[in-house]
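This briefing is for a reader who has not met this structure before. It takes up one helix, then aromatic rings, then charges over rings.

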Amino acid sequence: MKRASIKDIARIAGVSVATVSYVLNKKEGSRISEATRDKILKVAQEINYTPNKIAKSLKMSKSKLIGLIVADISNDFYSNIARSIEDEAMKMGYTLLIGSCDENPEKFGKLTELFSEQQVDGMILAPVTGSDDAINRLVREEYPIVTIDRYLKNIDLPGVMINNFEISEQICDHLLMKDFDELIYVGYDTELPHLLDRQHGFETRAENSDVTIKRILTGIHNITEEVHLQLQNNLDLSKKTAIYFSSNKLGIAGLRYLIDNNIKVPESVSLVAFDETEAYYLFPTEVSFVRQPLEEMARESVKLLDSQINSYIQHGKRATLQAEFVERNSVE
């Protein structure tokens, strides 16, 4: 016979997996009613959920597990920051569980449920478009969560991010000093605030100048094909032009287009790309890029989550760290 699980309890009791986890872990600070607690424990007994497990969960206040949900683990940024978070978590006595939702809100929600079932003490999240419901559910249950890299406009949570608006202003200022005829911003067609911050920071500076600015926005899928098509339609090599690729994936797609079409950098076009990735070092010209403080972001996010686990505050600290513009040879 299949062993009863937390999911079975949640389904029968008509509550979320996170709520069951909270009750079985006897976590402090939750607003779960006594009636709901009694119902969950009664269902657990009725379906023969392992009694020793219940006793152990009620006795232990912490599992020393934390969860990390990233948008796309294949992205160098997220794989590198996951490694740094794992290192920081171990220093503080936690074991890290990692999930990648592939920019899919449904998968994001399922991962939060899975981590709740694993009775993690808290989660570090990189929200995706459409993940509001899953995050609001965790907030209602006072589950310790911290956002990293990204944030949601309508949900005030503790988190760690970088100065996206200001660093993009700095990039634009740097390019404006070079007297280009045209600037091209390459970004995503998205509602995610941190990416809009990059776009608005760059465009705000450019709009106050006499330089022509073009905007290329792509979806999160088929990035390479979309970037190639848009550059083919918008890049005028008769003008002195600079391109700002606002993510590493967009940057890599753009570099491939330039190589495939034998467009020289910086002789024919200048460029700056976001994030550091090994792919930039394979390009014939050293690429100027924005470096995010990954280790500092990891350290701050684990510290914030540990604070939330030990003393829950829904509207905790939101730390904004400083990114760095690394100037190389791709701008002339």
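The points below are grouped by topic. The model is a predicted one. A search of the whole structure finds five aromatic pairs, and some of the residues in them are described here.

**Helix α8**
- Helix α8 covers residues 164-176, which makes 13 residues.
- At 1.5 Å a residue, α8 should span 18 Å, and this agrees with its end C-alpha atoms, which are 18 Å apart.
- The buried residues of α8 are N164, I167, S168, E169, I171, C172, H174 and L175.

**Aromatic pairs**
- Five aromatic pairs turn up in the search of the whole structure.
- One pair joins F77 and Y78: the ring centres are 4.9 Å apart and the planes stand at 70°, so the pair is edge-to-face, the cut-off for that class being over 60 degrees.
- F77 has a relative accessibility of 5% and therefore counts as buried, the limit being under 20%.
- Y78 is buried as well, with a relative accessible area of 3%.
- Y280 and F289 have ring centres 6.3 Å apart and planes at 45°, so this pair is tilted.
- Both Y280 and F289 are buried.
- Y185, F202 and Y244 are linked into a cluster by ring pairs.

**Charges over rings**
- R198 lies over the face of F274, at 3.7 Å from the ring centre.
- K240 lies over the face of F180, where the distance from the ring centre is 5.0 Å.

Technical notes. Residues are numbered from 1 along each chain as its sequence is written. This is a predicted model: local features need pLDDT of at least 70, side-chain atom pairs count only at pLDDT 80 or more; totals for chains, interfaces and linings use all residues. Side-chain values use heavy atoms; hydrogens and water are left out. Helices (H or I, at least four residues) and strands (E, at least two) are DSSP runs, numbered from the N terminus. The expected span of a helix is 1.5 Å times one less than its number of residues. Buried means under 20% relative accessible area, exposed over 50%, partly exposed in between (1.4 Å probe, protein chains only). Rings of Phe, Tyr and Trp (its six-membered ring) pair if their centres lie within 6.5 Å; planes under 30 degrees apart count as stacked, over 60 as edge-to-face and the rest as tilted. A charge sits over a ring if NZ of Lys or CZ of Arg is within 6 Å of the ring centre and within 35 degrees of the ring normal.
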